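Take a walk through this structure with the sequence at your side. We will go stop by stop and keep each stop short.

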Amino acid sequence: MNHSNTGSIPGKLLQALQERTPTLWCNPHYQLTSAVVLPGDAGSPAQAHDRLARHAEVLSRLFSELASSHGQVSSPLLPVPQLREALLPGAADAGNWFVKADHDLPVAGSVKARGGFHEVLSLAERLLQEHSAPGVPLPELDSQQARAIFARYTVAVGSTGNLGLSIGQIAKALGFHAVVHMSADAKQWKKDRLRARGIEVIEHSGDYAKAVQAGREQAEQDPCGYFVDDENSAALFMGYAASARELAGQLAQAGRPVDAQHPLFVYLPCGVGGAPGGITYGLKHQFGEHVHCFFAEPVASPCMLVQLASGQDALLSVYDIGLDNRTEADGLAVGLASPLVAPLMRDMLAGVFTVADERLFVDALRFHQTEGALIEPSAAAGFNGPNWLLRSEGGQAFLAGHGLDHSLPQATHVLWSTGGSLVPATEHQHFQEQGRALLQASANGSWGVPG
Ligand SMILES: Cc1ncc(COP(=O)(O)O)c(C=O)c1O
């Protein structure tokens, strides 16, 4: 098949992508300090952080899982020395490693809690403002008065699963009618969990983009319908960006400075790009030139890599270059990058690497074996990041090119682990069996490890 519209993706890179060879792409347009600002009235990462904090008390009343954190939607930052040793044995230059454990985020069990909660809280605030007389204090979001207003509205979303769990649960808890349009690859347990909580689930036979499109069209026909548009939402994006402040506080508490002598490298699983893009945006606002973010995508679904490496504004999907977007990493099975996020990442993102599905199972298993954590395969996508950066030719050229090669022993690496705490035990067992079988089948278990 001839794929003529591939933008200006360099031939060698295009071939590696088409052959599904795990690859690191370092962004030639990367600017250490990016001045890019999200257009429109979505506010700032700090405002999103304040919004989530403002409603913490309501959240702790709505969800018993949030009682111990007093309503804060936050996750631990875990030091992972043993995981580091398993992934990069004996490396003197590997610096300090942490996992940002968003797989453990309460209620939704994934990074999607951040953006999803933020968007639905923003909507709820706006509706109360619209329905209240000027100057009158707004009622609490969980008051009878507020619920009576929310009950008139439907909140809908299209999702491969985890965003649906986030939006569906917060919307339902506030009293909205909640509808989740799910793609064929969404896991059955996610659909079951939503339905058990009174959330309407509509299944679609196509991929993620089809589910989003169907949801968008249905919501457009409903005057009281609100669609959370994962491909275009600034409110989701800012909710993810709010995490930067949380991470800054945790790094400070762990005694890890972020400055010229102590660079911070962050590795983020990417689907449509909203979550990793928002986090990157927040981190760049927080740490400027001293943080460097890399996205991780499945070899079958490298939509952000394809879009950014094409060097064009016109949208380019993984299907356009002959890939099928079929991956076990259901949360990352996205063929076309967000048209909102991709342009923002053009000079802000350090690079993207791709990951074979086998590697996801093996790395999720390694995390369990070394640190006792249970995550879903998608959430392990970033774990090979330090390896790419420190051990591949492209990674070393990136480090030297940006004057980062001398500070590596003092560097901090954060692997963002994005989902898994709600996954049923039987599924985890299945993931681990696959990981063990793959490790046994391979003498060194080194899929996609460069050099
Ligand atoms: C576990 C997990 N990690 C990462 C992502 C990526 O988020 P985004 O699609 O916003 O890029 C998703 C998306 O659903 C996910 O479920």
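Start at the ligand, which has 16 residues around it. Lys112, Asn162, Gly271, Gly273 and Thr418 are the closest of these. Keep in mind that this is a predicted model.

Where does the ligand sit? Its place is the largest cavity. Now look at which part of the chain supplies the shell around it. Helix α12, residues 274-287, gives the largest share, with three residues.

Next, follow the polar atoms. Valine 272 brings a polar backbone atom to 2.9 Å from an oxygen atom of the ligand. Glycine 274 also uses its backbone: one of its N or O atoms there lies 3.2 Å from a ligand oxygen. Threonine 418 uses its side chain instead. An N or O atom of that side chain is 2.7 Å from a nitrogen atom of the ligand. How much of the ligand does the protein bury? Taken alone, the ligand exposes 390 Å², and the protein buries 98% of that.

Leave the ligand and move to helix α13, which spans residues 303-310. Why does this helix count as largely enclosed by the rest of the structure? Eight of its eight residues are buried, so the rest of the structure largely encloses it. Read them off in order: Cys303, Met304, Leu305, Val306, Gln307, Leu308, Ala309 and Ser310. Several elements help to cover these buried residues. Among them are the helices α1 (11-18) and α14 (341-345). The strands β1 (24-26), β9 (291-298) and β10 (351-355) are also part of the cover. Just past α13 comes glycine 311, with a positive phi of about 65°.

Helix α11, residues 243-253, is the next stop. Its buried residues are Ser243, Ala244, Glu246, Leu247, Ala248, Gln250 and Leu251. After α11 comes glycine 255, and its phi is positive, near 75°.

The last stop is a single residue, arginine 51. Find it in helix α2, which covers residues 45-54. Is arginine 51 buried or exposed? Its relative accessibility is 19%, and buried means under 20%. Arginine 51 therefore counts as buried. Its side chain has a polar contact of 3.0 Å with the side chain of histidine 118. Set aside the neighbours within four places in sequence, and arginine 51 is in contact with His118, Leu121, Ser122 and Glu125. Histidine 118 thus appears both in the polar contact and among these contacts.

Methods. Residues numbered from 1 in each chain as written. Predicted model: local features only at pLDDT ≥ 70, side-chain atom pairs only at ≥ 80, totals over all residues. Heavy atoms only, no water. Helix = DSSP H or I, 4+ residues; strand = E, 2+ residues; numbered from the N terminus. Buried < 20%, exposed > 50% of the residue type's maximum accessible area, 1.4 Å probe, protein only. Polar contact = N/O pair within 3.5 Å; in protein donor to acceptor, adjacent residues only side chain to side chain. Contact = heavy atoms within 4.5 Å. Near = heavy atom within 4 Å. Areas by Shrake-Rupley, 256 points an atom, 1.4 Å probe, with all protein chains shown as cover. 1 Å grid on protein atoms, 1.4 Å probe; cavity = no way out; pocket = protein on both sides within 12 Å on 5 of 7 lines; lining within 4 Å. Sits in = over half its atoms within 2 Å of the grid points.
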